[in-house]
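Good morning, and thank you for making time for this presentation. I would ask you to bring up the structure while I speak.

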2 protein chains.
Amino acid sequence: MNADPQIKKGRKYGQVIAGAREVFLREGFEGASVDAIARDAGVSKATLYSYFPDKESLFHAVLNGVCNLQRTEGLGVALNATDVPSALRHIARAMITNQCSESNLALFRVCVGETQRFPELGRQFYETGPAEGLRQLAGYFRSPAAQEALDIVDPDAAADIFVRLCRTNLMIQRVLGVIDEPDEETVAAEAEAAVEIFLARFARRD
Amino acid sequence: MNADPQIKKGRKYGQVIAGAREVFLREGFEGASVDAIARDAGVSKATLYSYFPDKESLFHAVLNGVCNLQRTEGLGVALNATDVPSALRHIARAMITNQCSESNLALFRVCVGETQRFPELGRQFYETGPAEGLRQLAGYFRSPAAQEALDIVDPDAAADIFVRLCRTNLMIQRVLGVIDEPDEETVAAEAEAAVEIFLARFARRD
DNA sequence: GACAGGATAAACCGTTCGGTTCAGCCCGAT
DNA sequence: ATCGGGCTGAACCGAACGGTTTATCCTGTC
């Protein structure tokens, strides 16, 4: 019964990463003290420093993981939707909900606040987040179903517009801590507005 | 010749604020050391602490000033524009340029990064920035010229859509440090796309 | 030229930081 | 029973932090 797959080397590796993620995403790089991380991880400082040579390496390891974890799903629901407008509504709702989620916002805040100190961080967040979302959306606009229902000649440009329309005021307010996480109806209304404007320009006239 | 209007009390007040603004906007609250601020301001730490009781008070004074300084102009050019589409183009360009400017981005980054620690900060930035922009835009949509050219029944909702369309990918990339300040042609192209989509829905059909 | 008050450099305070060290504990493998 | 490596808690280091103090300097005023 030694089938533990986490037997990398040292049993507390996961705890360290989890605790560091918690504290870093809450306090930022400068604001997070190594003592606080070790305390939150339930691990001694000595153990922590046996895994990572310094605070910066730990920070990079944590944010690397979190960035690669952010998935722009919503494409799955789009495929088995009955019609294209419904699919667009689902995608818009997923994007807006995702933007307003506390987990994503915490990551975004840290990346933005630390972009000056760690330039690669901003780039990585952009690539694994917004850029990936744009690519997936453009891919959907190239699908036969979308091409049939929509008058899109440049899928990349259309995806850019759609994403703009999903960058709602809710997101800005959430980023700045002005409001709490919005409920489903609020998100649905914002998504509906986005889809309406999008279709006013890109719906195929028959 | 004692007509100096800056004779508030102490001659170095302006220097302190200027230096603190410089360092705070570059390094954030935790990252900025009081010694660095005093050095950058060309002032001794004792002088600095004769004006402000502590680092936090100085931070609030500085960001209060910078937040209130951010003006959403663009309304002036809109009034003396020949036609409404041109006015919209001007507004869109001004908004996008403003979002991508280093001065505004530095403020935004600090407000976002420090929103958890100082909740009032995010709210103040939102009110003096995005919210004010929305109000001004909605006001323009209520003007006779705009009402005549555009099919807008809810000026607030229309302003919200217009602002969304101006929240371009350029801004996201700028916030995350992925690209440098864009040139005028790039901004103009993004503004043009925004206005086109907006008019596709709100242009009055005759 | 005496005075007053803003400004100065530099030393200093206590605290906290990132990072290291070490003696000992726990526990599975042999 | 013993061994060894992961882990512990706590002490410790030098440096930097925010903040204070002091003795001195500078400058405009009367």
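I shall discuss the contact with the DNA and then the contact between the two protein chains.

This is a predicted model, in which local features need pLDDT of at least 70, side-chain atom pairs count only at pLDDT 80 or more, and totals for chains, interfaces and linings use all residues. Residues are numbered from 1 along each chain as its sequence is written, chains are lettered from A and ligands numbered from 1 in the order in which they are written, and side-chain values use heavy atoms, with hydrogens and water left out.

Let me begin with DNA strand C. There are 17 residues around this strand, where a residue is near if one of its heavy atoms lies within 4 Å of the strand. K45(A), Y49(A), K55(A), R11(B) and T47(B) come nearest. Which part of the DNA faces the protein? Of the strand C atoms within 4 Å of the protein, 68% belong to sugar or phosphate, and the rest to bases.

Several phosphate oxygens take part in polar contacts, that is, pairs of N or O atoms within 3.5 Å; within protein, one atom must be able to donate a hydrogen and the other to accept it, and residues adjacent in sequence count only if both atoms are side-chain atoms. K55(A) places a polar side-chain atom 2.6 Å from a phosphate oxygen of strand C. From the backbone, a polar atom of V34(A) is 2.9 Å from a phosphate oxygen, and one of G42(B) is 3.5 Å from a phosphate oxygen. The elements giving two or more residues to this surface are helix 3 (45-51) of chain A and helix 3 (45-51) of chain B; helices here are DSSP runs (H or I, at least four residues), numbered from the N terminus.

I turn now to the two protein chains. Their contact, meaning heavy atoms within 4.5 Å, takes 39 residues from chain A and 40 residues from chain B. About 3600 Å² is buried between them, with carbon and sulfur atoms giving 59%; buried area is the accessible area (1.4 Å probe) that two parts lose on being put together, summed over both. In chain A, R164(A), R167(A) and L176(A) lose the most area to chain B, together 20% of what that side buries.

How many salt bridges cross this interface? The rule finds four, a salt bridge being a side-chain nitrogen of Lys or Arg within 4 Å of a carboxyl oxygen of Asp or Glu. One of them joins E196(A) and R201(B) at 2.6 Å, N to O. There are also 13 residue pairs in polar contact across the interface, both at pLDDT 80 or more. Helix 12 of chain A gives the most to the side of chain A that touches chain B, with eight residues.
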